[in-house]
Every structure is written in structure tokens, then in C-alpha cells.
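Welcome, and thanks for taking a look at this one with us. Please scroll through the sequence and turn the model around before reading on.

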Amino acid sequence: MCISDSVQIRRQELGVWHVDTVDIMNRIAMVHALANNFPEARRCYWEVFWVRKGIFGAQHPGVAIAAHDLANAFVNLGSLEDGSN
């Protein structure tokens, strides 16, 4: 079983909006960021940001952390304007 299998199983069994599903997506995003694969890290962090925002609301600390991680991915891709937004 690879990482994508784990994500697929969680999405099928728990749904996209489950906290455990978004947690594994966040961990995968971190792995991509540590591997300097910022396009994929950005994609994963976008999903984490929007799902956390939908689950917890815009003022939740987990949403702020996801926004910060997403901004870092944008900055590492050279998109400073998107990162600052």
C-alpha cells in the first residue's frame, strides 16, 4: 500500500471532510515540502486549507497554520504575491 492508497481509503471510508482525512493530506503536503516538491505541496496545502476552513471555520488556529504552510509553498515557488495573500 502506498500513500495514495491510504488517502483513497480514508476518502472512501471517512469522507473528504473527516478530520483524519485532512490530517493525512497535511502530512503528505509536509513530506512534499520537505522534498522540495513545492507544486505538489501547494496542491495538498490548498486542499488542507479549504477543508479545515470548512470544518472548523475561518478563525480556527488549524486554518491559520494551513494558510501559513500554503503561503510558504507559494513563496518557495517564487510567487511572493500569492504567498503574501
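The report below goes from the whole chain to its helices, then to charged side chains.

**Ground rules**

This is a predicted model, in which local features need pLDDT of at least 70 and side-chain atom pairs count only at pLDDT 80 or more, while totals for chains, interfaces and linings use all residues. Residues are numbered from 1 along each chain as its sequence is written, and side-chain values use heavy atoms, with hydrogens and water left out.

**The chain as a whole**

The chain holds 5 helices and 0 strands, where helices (H or I, at least four residues) and strands (E, at least two) are DSSP runs numbered from the N terminus. Along the sequence this reads as α-α-α-α-α. Of the 85 residues in the chain, 32% are buried. Here buried means under 20% relative accessible area, exposed means over 50%, and partly exposed lies in between (1.4 Å probe, protein chains only).

About 5,300 Å² of the chain is exposed, and carbon and sulfur atoms supply 56% of that area. These areas come from the Shrake-Rupley method with a 1.4 Å probe; for residues, only the protein chains shown count as cover. Among contacts between residues at least 6 apart in sequence, 40% join residues at least 24 apart; a contact means heavy atoms within 4.5 Å.

**Helices 2, 3 and 4**

How does the length of each helix agree with expectation? The expected span is 1.5 Å times one less than the number of residues. For helix 2, the 16 residues should span 22 Å, and the end C-alpha atoms are 23 Å apart, which agrees. Helix 3 has 19 residues and an expected span of 27 Å, in agreement with the 26 Å between its end C-alpha atoms. For helix 4, 16 residues should give 22 Å, and the 23 Å between the end C-alpha atoms agrees.

Each of these helices has buried residues. In helix 2 they are T21, V22, I24, M25, N26, I28 and A29. In helix 3 they are F38, A41, C44, Y45, V48, F49, V51 and R52, and their cover includes helix 2 and helix 4. In helix 4 the buried set is G62, V63, A66, D69, L70, A71, A73 and F74.

Residues with a positive phi follow these helices. N36, just after helix 2, has a phi of about 60°. G57 follows helix 3 with a positive phi near 95°, and G78, just after helix 4, takes a positive phi of about 85°.

**Salt bridges**

How many salt bridges does a search of the whole structure find? The search gives 3, counting a side-chain nitrogen of Lys or Arg within 4 Å of a carboxyl oxygen of Asp or Glu. Here they are, with the N to O distance for each pair:

| Pair | N to O distance |
|---|---|
| R11 and E47 | 2.5 Å |
| D23 and R27 | 3.0 Å |
| R43 and E40 | 2.6 Å |

R11 lies in helix 1 (residues 3-13) and E47 in helix 3 (residues 38-56), so this pair ties together parts that are 36 residues apart in sequence. R11 is partly exposed at 27% relative accessibility.

D23 and R27 sit 4 residues apart in helix 2 (residues 19-34), a separation of about one helical turn. D23 is partly exposed at 29% relative accessibility, and R27 is partly exposed at 47%.

R43 and E40 are both in helix 3, 3 residues apart, or about one turn of the helix. R43 counts as partly exposed at 44% relative accessibility, and E40 counts as partly exposed at 25%.

**Two more residues to look at**

R52 belongs to helix 3. This residue is buried but has no salt bridge, and the nearest side chain of opposite charge, D23, is 4.9 Å away. For charge, Lys and Arg count as positive and Asp and Glu as negative; His and the chain ends are not counted. Leaving aside residues up to four places away in sequence, R52 touches V22, N26, G57, G62, V63, I65 and A66.

Finally, is N72 buried or exposed? N72 is partly exposed, with a relative accessible area of 36%. N72 is found in helix 4 (residues 61-76). The C-alpha atoms of N72 and A33 are separated by 9.1 Å, with the two residues 39 apart along the chain.
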